[in-house]
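Thanks for sending this one over. Here are my notes, in numbered points, to read alongside the structure.

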Amino acid sequence: AGVIITEVTGNGRWDGITSMAIGVLLAGVAWVLALETKSLLIGEGASRRDRAAIRAATLAVPNVTSLEALRTMQLGPNQILVAMDVDFDDEMSDDQIEAAIDEIERRVREVLPAATQIFVELQSAP
């Protein structure tokens, strides 16, 4: 459009104005892309709301006494890594602990489908 206006009017300023407008547009697009991909670039964690949902889902599993540490990292637009240290009842058998860990993973994926990798570390063993 700037080149056409320059040709029609014979005024070269329109070409310069158009070039500057394109530069501003490209800078704006770069800024928006940088903001949108920031979490992917620096490995930012999940949102506070998502961490609260993970914590609630984990503590709702029977025989889980506490959630000692919860760490999350954004791996992709729809991929979140979850690592947690969970304390179970001391009287639980190995099979019960394994079933409880499976239940934790299932419940976390229910509340946060983006949780593609979930690591549960046992805090206390029977």
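1. The chain has 4 helices and 3 strands. Please keep in mind that this is a predicted model. Reading from the N terminus, the elements follow the order α-α-α-β-β-α-β. With a radius of gyration of 26 Å, well over the 14 Å that the globule rule gives for 126 residues, the chain is more spread out than a compact globule.

2. The box tells a similar story in other terms: along the principal axes, the C-alpha atoms occupy roughly 90 × 20 × 20 Å. The accessible surface is about 8200 Å², and carbon and sulfur atoms contribute 58% of that. Of the 126 residues, 32% count as buried.

3. Your contact map should be worth a look. Among contacts with a separation of 6 or more, 56% join residues that are 24 or more positions apart.

4. On charges, the chain carries 10 positive and 19 negative ones. Their mean positions lie 11 Å apart.

5. Now to the interior. The largest nonpolar core holds 23 residues, and the members that touch the most others are Val 82, Met 84, Val 86, Phe 88, Ile 104 and Val 108. At least two core residues come from each of α3 (48-59), β1 (64-76), β2 (79-88), α4 (94-111) and β3 (115-122). In soluble globular proteins, nonpolar side chains tend to be buried together.

6. Which residues does Met 84 touch, not counting those up to four places away in sequence? The list runs through Ile 54, Thr 58, Leu 67, Ala 69, Leu 70, Ile 104, Val 108, Ile 118, Phe 119, Val 120 and Glu 121.

7. Thr 58 deserves its own point. This residue sits in helix α3, and is Thr 58 buried or exposed? Thr 58 counts as buried because its relative accessibility is 0%, and the cut-off for buried is under 20%. Beyond its neighbours within four places in sequence, Thr 58 contacts Val 64, Leu 67, Met 84, Val 86, Ile 104 and Val 108.

8. Finally, a backbone detail to check. Asn 63, in the loop between α3 and β1, has a phi near 75 degrees, which is positive in a residue other than glycine. Most residues other than glycine have a negative phi. As for its surroundings, Asn 63 has 36% relative accessibility, so it counts as partly exposed.

How values were computed: Residues numbered from 1 in each chain as written. Predicted model: local features only at pLDDT ≥ 70, side-chain atom pairs only at ≥ 80, totals over all residues. Heavy atoms only, no water. Rg over C-alpha atoms; globule rule 2.2 N^0.38 Å. Buried < 20%, exposed > 50% of the residue type's maximum accessible area, 1.4 Å probe, protein only. Contact = heavy atoms within 4.5 Å. Areas by Shrake-Rupley, 256 points an atom, 1.4 Å probe, with all protein chains shown as cover. Lys, Arg positive; Asp, Glu negative; His and termini not counted. Charge placed at Lys NZ, Arg CZ, Asp CG, Glu CD. Core = buried A, V, L, I, M, F, W, Y, C linked by side-chain atoms within 4.5 Å.
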